[in-house]
Amino acid sequence: AQWSRDGLRVWLCTVLCTYGSAPRAPGSLLAVSEGGHWVGSLSGGCVEEDFLERVAAGEFNDAVAVVRYGDGSDTRSNIRLPCGGILDVLVEHLPGDCDTQAHLAQLESALLGRRRLLREVNLRTGQRQLHDDQSQGPRVEQGEACVRLRVGAAQRLLLAGYS
């Protein structure tokens, strides 16, 4: 959110699905600034390194893209995950404007546990919407034209016993 407030472009990446063994679960996030700074994780490091190199080379300038890592189908990247799995990653290219800043501020609030959100991202246009999420369901739901992502703080359960 701060990178966007500083006027920088941001790439927000979300693991959509995994096949086989994978280091991170669907819904895992990575944010990258146009200055090459990053926070979050998609894998154990090899995907992040490749993604940062590709952003620096000028790739991912469309509003939205879905990238597959691990099976060699992407000719621009020959990443094979050490665990043998495959990741589909949603890549959103967000300009450093007021709309992006408001969107990222709401996501940050959800991740800090203040509320749960349901993000809808149009896979053709990159248009995104946020809704309060009162339902239960998978963290990621992918349709042909739209992805629905549940965003909120990690749920934890603490049990204390007394005997």
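**Exercise 1.** Which strands does α2 lie across, and at about what angle does α2 run to β4?

*Solution.* This is a predicted model in which local features need pLDDT of at least 70 and side-chain atom pairs count only at pLDDT 80 or more, while totals for chains, interfaces and linings use all residues. Residues are numbered from 1 along each chain as its sequence is written, and side-chain values use heavy atoms, with hydrogens and water left out. Helices (H or I, at least four residues) and strands (E, at least two) are DSSP runs numbered from the N terminus. On that basis, α2 lies across β1, β2, β3, β4 and β5, and runs at about 140° to β4, where axes are lines fitted to C-alpha atoms, for helices over the stretch in contact, and angles run from 0 to 180 degrees between N-to-C directions.

**Exercise 2.** Establish the strand order of the sheet and its edges.

*Solution.* Two strands pair if DSSP finds at least two bridges between them. The 5 strands form an open, antiparallel sheet in the order β3-β2-β1-β5-β4. Its edge strands are β3 (38-40) and β4, each pairing on one side only. β2 and β3 pair over 3 bridges in the antiparallel sense, and Ala31 stands opposite Val39 in β3.

**Exercise 3.** Locate Ser33 and decide whether Ser33 is buried or exposed.

*Solution.* Ser33 belongs to strand β2 (residues 29-33). Its relative accessible area is 1%, so Ser33 is buried (under 20%, whereas exposed means over 50% and partly exposed lies in between, with a 1.4 Å probe and protein chains only). Leaving aside neighbours within four places in sequence, Ser33 is in contact (heavy atoms within 4.5 Å) with Trp3, Leu8, Arg9 and Trp11.
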